[in-house]
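I opened this notebook to record what I looked up in the structure shown below. The entries follow the order in which I consulted it.

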Amino acid sequence: MTAADKPFDGPVLEVDDLRVSFPSEDGRVTAVRGLGYAVSPGEVLGIVGESGSGKSVSSLAVMGLLPDSARVTGSIRFQGRELLGLGDAELSRLRGRRVSMVFQDPLSALTPVYTVGDQIAEALLAHGRGRVSKQQAANRAVELLDLVGIPNARERAKAFPHEFSGGMRQRAVIAIAIANDPDLIIADEPTTALDVTVQAQVLEVLKTAQEVTGAGIVIITHDLGVVAGFADRLMVMYAGRAVETGQVDEVYTRPRMPYTLGLLGSIPRLDAAEKQPLVPIEGQPPSLTDLPPGCPFAPRCPMVVDACLTEEPPLSLVGAVGAGEEHRAACIRSADIAERDPAAAEVFGVATIGEPAIAAVPRAEREVVLSVEDLVKSFPVTKGTVFRRRVGEVRAVDGISFDIRAGETLGLVGESGCGKTTTLMEILGLDKLMGGRISVLGEPTDRLDKARRKAIRRDLQVVFQDPQASLDPRMPISDVLAEPMQVHGFSAARIAERVPALLDLVGLRREHGSRYPAEFSGGQRQRIGIARALALRPRLIVLDEPVSALDVSIQAGVINLLDELKAELGLSYLFVAHDLSVVRHIADRVAVMYLGKIVEIGEVDRVFAAPEHPYTQALLSAIPIPDPAKERVRERIILTGDLPSPADPPTGCRFHTRCFVYAAMPEDRRSVCVDTEPALNGSGDHSSACHFARSREVV
Amino acid sequence: MIGFLVRRLANYVVLCLVATFLAFALASTTFDPIAVLEQRNPPPPAAVLDAKREALRLDEPIPQRFLSWVGGVVHGDFGRTVTDRPVADELPRRAGVSLRLFLVGVVLGVVFGVILGVVSAIRQYKLSDYLATLFSFIILSTPVFVLGTLLKQPAQSFNELIGTNYLQTLGESTPGFDGSWFASLGDRLRYLIVPTATIALGQIAYYSRYQRSAMLDVLGSDFLRTAQAKGLTRRRALFKHGLRTALIPMATLFAFGFGLLITGGTFTERIFGWYGMGDWLVVGVATQDANIVATVTLFIAVLVLVSGWLSDVLYAALDPRVRV
């Protein structure tokens with residue numbers, strides 16, 4: 001037994017005054033500035049922060065996996081043993097055995113050329129050379145795969161990573177992490193790249209992993225909902241430092257640092273029946289190359305006073321819940337906040353956004369802006385290179401119908417691969433369809449001549465998901481905004497007048513027109529994308545995951561902007577998203593898609609409050625709510641398995657293979673699900689396609 | 001997968017025929033062997049010219065000539081040269097000479113190219129990386145005939161240093177050398193070293209650049225981090241997970257690299273007085289001989305396509321994602 005193997009009854013991990021810096025062209029970037037925290041055995045610490053807050057860098061520092069160019073100082077003690085300064089050989093004896101890590105992107109986390117089983121076995125062999133035989137390791141790998149919920153583990157162990165779905169790969173990575181029964185697991189955004197239903201599965205697996213290993217867990221995320229249900233303690237990071245720490249319940253109910261307060265107010269809530277405006281935190285995180293003195297959050301803080309600008313406040317005690325359970329915040333105004341205990345909206349001063357004038361008109365009397373009837377789109381599956389032959393087809397969209405009325409937002413939701421994007425592309429194509437019919441402003445799109453099609457494009461505009469990729473990096477912003485108008489023959493004088501007006505409209509400054517996209521942050525770029533879509537004064541804007549690439553505090557600003565524009569300009573939106581909380585906040589109606597079909601559609605509050613289709617129920621219940629008290633007692637419907645292949649969808653009701661209602665029913669009653677495809681049925685503005693539709697509260 | 005490779009091979013037979021036909025047709029339309037004869041002093045009698053025209057079947061249409069040539073090739077007959085000697089007689093010797101040069105060159109090129117590329121990537125922006133980059137670019141921008149001529153210089157200095165003429169730079173073996181099989185191998189080696197170095201250097205430079213960038217891609221990859229997080233040392237993770245994956249793109253390059261090699265080979269053979277296929281092509285053009293040109297083209301086409309096929313096999317062996 002080596003010294004490190006002795007039982008140690010202090011914290012598993014203690015980090016003290018950790019500083020990490022990297023060289024960059026603009027000087028040294030100090031990504032972590034004096035970070036300190038501790039994790040007790042069996043405890044789950046959630047680290048929350050926006051991109052660039054130093055949360056990932058600090059955990060890579062613990063693992064000793066930072067690039068050579070990083071300069072790391074301070075102290076990292078694992079079970080009392082100092083890790084900083086250890087060589088690669090010594091660290092590699094700890095890594096994977098005592099401390100292990102789960103990474104963000106499961107698609108790239110496994111080596112593509114080795115089988116999954118071999119990669120898990122490798123973790124065992126790396127630490128048990130001589131003691132563990134290859135056969136033993138392979139058998140244990142199968143057991144581990146089984147433990148993390150991979151069905152038919154013995155067979156699947158022989159598969160290569162590309163034969164696994166994202167969720168299964170993340171399970172495999174977790175299996176690697178728990179292979180040697182570690183004392184500490186660091187999970188860096190373990191569910192960010194996954195769909196919500198798969199996220200729920202993976203979080204469940206992580207919980208199991210913790211129960212099995214009894215390890216302390218550090219979970220790094222930007223999703224305050226995930227932390228609420230999973231973590232015991234929370235640490236909020238900003239600009240490379242911890243700005244607030246404490247028990248999860250304590251911090252969520254009594255945030256004492258304006259940033260935490262803003263962060264909690266900026267997320268759209270799935271459980272909020274009433275529409276409350278989101279709290280955007282203005283500005284952006286500071287550049288870490290050359291920080292001014294004072295609190296790094298001061299430039300964005302609504303409660304800033306002069307003293308904030310002179311000295312950076314230390315992380316000081318603001319309250320204690322019990323022995324050793326301290327609540328600390330790094331803010332000189334925390335006492336004020338404690339006294340008033342204000343709501344985020346109050347501190348950050350959010351104006352309520354009015355309803356568009358047209359909302360007063362009953363829906364049935366409003367103009368139909370977009371109507372989609374029985375839309376079908378399939379892609380052929382072909383084989384062979386020289387003699388291409390069709391061997392099947394993927395019905396990406398299989399007969400869906402919906403309409404959007406003036407001044408209305410329809411949210412189109414579903415997991416990846418459900419056909420959302422295909423639907424959107426068919427609408428934007430304004431072209432001949434494989435089946436069904438699309439009408440924009442009452443005009444069917446399949447019989448348009450060139451001139452009419454161009455005219456309709458003025459009324460139908462789009463905002464894309466990735467604000468970076470959708471702007472030409474070599475075009476100044478004013479040209480980006482002018483381009484659609486030039487295409488549609490606006491006069492130069494009119495364009496010159498309209499460009500600054502558009503910048504005003506989306507909350508950018510007029511002088512920004514001469515700058516290039518690279519000079520803007522993600523949120524600002526998305527505003528530019530929105531301004532471009534507005535240039536032609538469209539009636540309908542199609543938004544393809546417009547906020548999913550943005551940090552929460554920035555996301556709130558963009559969502560508020562979309563809300564304002566809708567009220568001001570009477571726009572209609574088709575809002576495609578996978579984040580149901582965002583959809584609940586912004587949409588009037590919602591359509592839930594599963595494998596190319598709409599399974600439930602209706603008024604957003606009715607669908608969210610009383611979902612009828614089991615898939616909608618599962619989807620909603622999978623979304624974590626940023627409220628620890630609610631989140632812990634929530635019953636979660638965990639779907640089994642992954643989305644079936646759209647090339648070979650299940651018969652009857654497409655959802656029956658994963659349906660919990662179907663699974664719980666006796667054989668004779670459920671045959672209808674396998675044989676007959678359910679039609680959309682319902683009353684008022686809420687219908688669902690399920691033979692056994694029954695509303696159930698899940699939020 | 002086997003079926004796929006067999007089909008590929010069948011496709012390649014067609015490609016070989018097309019390539020050879022194009023070379024044959026091009027050579028036949030532009031070459032005028034009779035004109036070469038007419039230039040002689042004193043000019044040969046008309047009957048001799050007619051007989052020659054008859055023998056070379058210059059009056060037949062080109063496709064017909066090509067078909068009868070292909071018909072001969074199937075039976076091992078590659079036609080006759082302008083000087084009326086069977087092409088097939090000289091083929092094995094010349095092919096052997098070239099293959100000796102090419103194969104050793106390609107093996108050295110791939111092995112050292114990969115090593116240089118990996119070292120360069122791992123030590124990115126360090127002195128050794130800069131030196132490797134400098135070396136590669138100098139070699140890549142130097143034409144082979146310059147490089148070959150330049151290399152004779154250090155070979156000479158080496159000989160002076162050790163006091164004997166160990167490194168030979170002209171011919172492929174000592175004329176009239178007589179000895180055991182082993183001694184003869186040693187003798188040939190003396191002639192092989194400098195020309196092979198000429199060829200291999202270009203290949204090393206070529207492969208090392210691509211290997212470096214493939215390795216750099218892998219160095220930043222998540223799976224390398226996972227491997228280290230598992231408890232592999234950096235070195236072990238680099239070789240077992242990094243290099244293994246970074247070799248995949250090299251498999252496709254292999255096919256292209258071979259084309260480069262053959263171009264270099266032609267010059268190298270001329271410079272060092274090797275009577276191989278590349279030299280033969282030059283001879284064929286000089287004597288206006290369509291049969292030689294077609295034979296050499298077929299030889300090169302087969303080599304290029306075999307190397308292309310090998311890179312398919314290699315790719316499938318390296319990357320489970322493309323196995324179908």
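**Entry 1: Chain B as a whole**

I began with the secondary structure of chain B and found 13 helices and 0 strands. I note at the outset that the model is a predicted one. Read from the N terminus, the elements of chain B are α-α-α-α-α-α-α-α-α-α-α-α-α.

I then looked up the extent of chain B: its C-alpha trace spans about 85 × 60 × 40 Å along the principal axes. Of its 324 residues, 46% are buried. I also looked at contacts in chain B with a separation of 6 or more, and 74% of them come from residues 24 or more positions apart.

For the surface of chain B, I recorded an accessible area of about 16500 Å², with 68% belonging to carbon and sulfur atoms. I counted the charged side chains of chain B as 29 positive and 22 negative, and the centres of these two sets lie 16 Å apart.

**Entry 2: Chain A as a whole**

I turned next to chain A, which has 24 helices and 24 strands. Its C-alpha trace spans about 80 × 70 × 50 Å along the principal axes. Does the radius of gyration of chain A agree or disagree with that of a compact globule? It agrees, because a compact globule of 699 residues would have a radius near 27 Å and chain A has 27 Å.

I found that 55% of the 699 residues of chain A count as buried. Among its contacts between residues at least 6 apart in sequence, 69% join residues at least 24 apart. The accessible surface of chain A is about 28800 Å², and carbon and sulfur atoms hold 49% of that area. I recorded 77 positive and 92 negative charges in chain A, with mean positions 4 Å apart.

**Entry 3: Aromatic pairs**

I looked up the aromatic pairs and found 14 over all chains. I examined A:Tyr615 and A:Phe655, whose ring centres are 5.3 Å apart; their planes are at 65°, so I entered the pair as edge-to-face. A:Tyr615 lies in helix H21 (residues 614-622) of chain A, while A:Phe655 lies in the loop between helix H22 (628-633) and helix H23 (660-664), so the pair ties together parts that are 40 residues apart in sequence. I checked the accessibility of both partners: A:Tyr615 is buried at 0% relative accessibility, and A:Phe655 is buried at 1%.

I then took up a pair in chain B. The rings of B:Tyr206 and B:Tyr207 have their centres 5.2 Å apart and their planes at 70°, so this pair is edge-to-face. B:Tyr206 is buried, with a relative accessible area of 12%, and B:Tyr207 is buried at 2%.

I also noted a cluster in chain B, in which ring pairs link B:Phe21, B:Phe24, B:Phe66, B:Trp69 and B:Phe78.

**Entry 4: Helix H21 and A:Tyr615**

I returned to the helix that holds A:Tyr615. How many of the residues of H21(A) are buried? I found 9 of the 9 buried, so the helix is largely enclosed by the rest of the structure. Among these buried residues are A:Pro614, A:Gln617, A:Leu620 and A:Ala622.

Against what do the buried residues of H21(A) pack? They pack against helix H7 (196-213), helix H19 (580-586), strand E21 (589-594), strand E22 (597-603), helix H20 (604-609) and H23 of chain A.

I listed the contacts of A:Tyr615, leaving aside its neighbours within four places in sequence: A:Gly414, A:Glu415, A:Val592, A:Met593, A:Tyr594, A:Val599, A:Leu639 and A:Phe655. For A:Val592, which is 23 residues from A:Tyr615 along the chain, I recorded a separation of 8.6 Å between the C-alpha atoms.

**Entry 5: Positive phi angles**

I looked up two residues with a positive phi. A:Glu545 has a phi of about 45° although it is not a glycine. A:Glu545 is found in the loop between strand E19 (540-544) and helix H18 (552-569) of chain A.

B:Asp84 is not a glycine either, and has a positive phi of about 65°. I located B:Asp84 in the loop between helix H4 (62-74) and helix H5 (87-122) of chain B.

Finally, I checked burial: A:Glu545 is buried, with a relative accessible area of 9%, whereas B:Asp84 is partly exposed at 43%.

Technical notes. Residues are numbered from 1 along each chain as its sequence is written. Chains are lettered from A and ligands numbered from 1 in the order in which they are written. Side-chain values use heavy atoms; hydrogens and water are left out. Helices (H or I, at least four residues) and strands (E, at least two) are DSSP runs, numbered from the N terminus. The radius of gyration is taken over C-alpha atoms; the globule rule is 2.2 Å times the number of residues to the power 0.38. Buried means under 20% relative accessible area, exposed over 50%, partly exposed in between (1.4 Å probe, protein chains only). Contact means heavy atoms within 4.5 Å. Accessible areas come from the Shrake-Rupley method with a 1.4 Å probe; for residues, only the protein chains shown count as cover. Lys and Arg count as positive and Asp and Glu as negative; His and the chain ends are not counted. The place of a charge is taken as NZ of Lys, CZ of Arg, CG of Asp or CD of Glu. Rings of Phe, Tyr and Trp (its six-membered ring) pair if their centres lie within 6.5 Å; planes under 30 degrees apart count as stacked, over 60 as edge-to-face and the rest as tilted.
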